[in-house]
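Subject: Handover of a structure

Dear colleague,

Please find below the sequence and the structure that I am passing on to you. My findings follow directly after them.

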Amino acid sequence: MCFVDLGPLNDPTLVPGALAAALKLVIRTEDPVPSLLAALPDERMLIILDSCEHVIDAAALLAERIFEMKPQIHILTTSRESLRAEGEHIHRLLPLGTPPEGALTAAEALTFPAVQLFVSRVAMVDDGFDLSNADAPIVAEICRRLDGIALAIELAAGRVEAFGIQGTAARLGDRMELLWQGRRTAVPRHQTLSATFDWSYDLLSEPERVVLRRLSVFVGSFRMDAAETVGAGRDLDRPRVIEAMVRLVAKSLVAAEIEPDHSRYRLLDTTHAYARCKLIESGEVGACTRRHAEYYRDLLDPSGPVEVIHRQHRFAGEIDNIRAALNWAFSPEGDIKIGAALAASSMPVWRALSLLAEYRGWMARAADCFEAGGLSGDPEQDHRPLSTSRSPCLGFQLHLIGGKD
């Protein structure tokens, strides 16, 4: 077996030389590939090319040449995306299994790989650590929140000595987890989650970076047309957004849930936190959040196609994003006309989910915002429409507030 770490390379042309050095071959030519192929043994052998993503074209070319010239040699590569080389078979490494939500004992929690890793890493610094039944649900929640990502779980386990189980769980989601330090002996890109994401983010094309950070406005999963709407702008049209989405899925930065009749996408929580930081740095939060709210307003537009109106139950999965859009619309930075239109048109979704009490709360917020702004909700009186023929006037909305379930 021959192991080659391509991570330290900054120049793709050095890939053949890195393999030659690992094989202890001395090659003194400007094009080392022919001499390298000739020097490879004729017996069975395994070559491992680790961390190919930043030199993927060169790694793919070399792997394909070896496959053609030395069929007895097997090559194993690791990368965020496939090499798309001849003879390649892809095996996706899924996150570690995590326990489902709900009460469970320590013994039950320890049947899941993510919990096993967490406990083993805590035990490395605390010999007396033993997962208790009381802590088992909290550890399970930590592992779920970290999406079963091994590095993230290791870093979280390293916080337990200082903060305890509950304290570590409380500190998840505050963006500081991206800076948690790991093992000193790890390569720099694996010492913090932020460094790991920086490594991947820096390898993206500019359209991929733009789309990834703009996707952070979503809460939970979203549709492809939602990604197109939020991702597109004056600097990026919809076809390029779709292409960027395809590449982000291929690079495992966007998770895809493909179903026969529809597909949904989402950012893992740790990826979402990183992308949100990048969105804030870009100064695009306001524009992207507005497009997000406008999309959900238009998606539920009651003047839309009949098939949309009669399939409101299919929009139940959008409720978290509807909440986020309403929160923005009724905030000081938002747009109450978008909020009122969305609140009115989303009523069938709230009703389908038996959430009319919460819905009335949103309608009350709409009424309060209009009253505070000196608007009546009547387009003829205010001389400015709530939207472009997208929603009933606020008088109809207030009628819903007082209506029966």
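Helices H10 and H13 are roughly perpendicular to each other, since angles from 65 to 115 degrees are counted in that way. Their axes cross at roughly 105 degrees and come within 7 Å. Please note that this is a predicted model. H13 covers residues 269-282. From the side of H10, the contact is made by Leu 212, Arg 213 and Arg 214, which meet Thr 271, Ala 275, Lys 278, Leu 279 and Ser 282 in H13. By type, the residues of this contact comprise three nonpolar, two polar and three charged.

H10 also packs against another helix. In general, two packed helices are described by the distance between their axes and by the angle between them. For H10 (residues 206-214) and H12 (residues 238-250), the axes come within 9 Å, and the crossing angle is roughly 85 degrees. H10 and H12 are therefore roughly perpendicular to each other. H10 contributes Pro 207, Glu 208, Val 211 and Leu 212 to this contact, while H12 contributes Arg 240, Val 241, Ala 244, Met 245, Arg 247 and Leu 248. Seven of these residues are nonpolar and three are charged, with no polar residue in the contact. Leu 212 of H10 thus appears in the contact with H12 and in the contact with H13.

For orientation, the chain as a whole may be summarised as follows. Its secondary structure comes to 21 helices and five strands. The chain has 405 residues, of which 43% are buried. Among contacts with a separation of 6 or more, 64% are between residues 24 or more positions apart. The accessible surface is about 21000 Å², and carbon and sulfur atoms account for 54% of that surface.

One helix deserves a separate mention for its cover. How many of the ten residues of H17 are buried? The number is eight, and the helix, which spans residues 336-345, is mostly covered. The buried residues are Ile 338, Gly 339, Ala 340, Ala 341, Leu 342, Ala 343, Ala 344 and Ser 345. At the start of H17, the backbone nitrogen of Lys 337 has a side-chain oxygen of Asp 335 within 3.0 Å.

Two buried residues with polar side-chain contacts come next. Asn 321 belongs to helix H16 (residues 319-329). With a relative accessible area of 0%, Asn 321 is buried, as the cut-off for that class is under 20%. A polar atom of the Asn 321 side chain lies 2.8 Å from the backbone nitrogen of Val 219. The same residue's side chain also reaches the backbone oxygen of Ser 221, at 3.1 Å. Not counting residues up to four places away in sequence, Asn 321 touches Val 217, Phe 218, Val 219, Ser 221, His 292 and Tyr 296.

Thr 229 is found in helix H11 (residues 224-231). Its relative accessibility is 18%, so Thr 229 counts as buried. The side chains of Thr 229 and Arg 238 are joined by a polar contact of 3.0 Å. Neighbours within four places in sequence aside, Thr 229 is in contact with Arg 238, Arg 291 and Tyr 295.

Finally, three residues in loops should be brought to your attention. Lys 24 sits in the loop between helix H1 (15-22) and helix H2 (32-39). Phi of Lys 24 is near 60 degrees, which is a positive value in a residue other than glycine. Is Lys 24 buried or exposed? At 72% relative accessibility, Lys 24 counts as exposed, because the class begins over 50%.

Ser 252 likewise has a positive phi, near 65 degrees, and is a residue other than glycine. The loop that holds Ser 252 runs between H12 and strand E4 (255-258). Ser 252 is partly exposed, with a relative accessible area of 42%.

Gly 158 is placed in the loop between helix H7 (150-157) and helix H8 (160-170). The relative accessible area of Gly 158 is 42%, and this glycine is therefore partly exposed. From C-alpha to C-alpha, Gly 158 and Ala 123 are 9.9 Å apart in space, with their positions 35 residues apart in sequence counted as separation.

With kind regards

Key:
Residues numbered from 1 in each chain as written. Predicted model: local features only at pLDDT ≥ 70, side-chain atom pairs only at ≥ 80, totals over all residues. Heavy atoms only, no water. Axes fitted to C-alpha atoms, helices over the stretch in contact; angles between N-to-C directions. Helix = DSSP H or I, 4+ residues; strand = E, 2+ residues; numbered from the N terminus. Parallel < 35°, antiparallel > 145°, perpendicular 65-115°, else oblique. Contact = heavy atoms within 4.5 Å. Nonpolar A, V, L, I, M, F, W, Y, C, P; charged D, E, K, R; others polar. Buried < 20%, exposed > 50% of the residue type's maximum accessible area, 1.4 Å probe, protein only. Areas by Shrake-Rupley, 256 points an atom, 1.4 Å probe, with all protein chains shown as cover. Polar contact = N/O pair within 3.5 Å; in protein donor to acceptor, adjacent residues only side chain to side chain.
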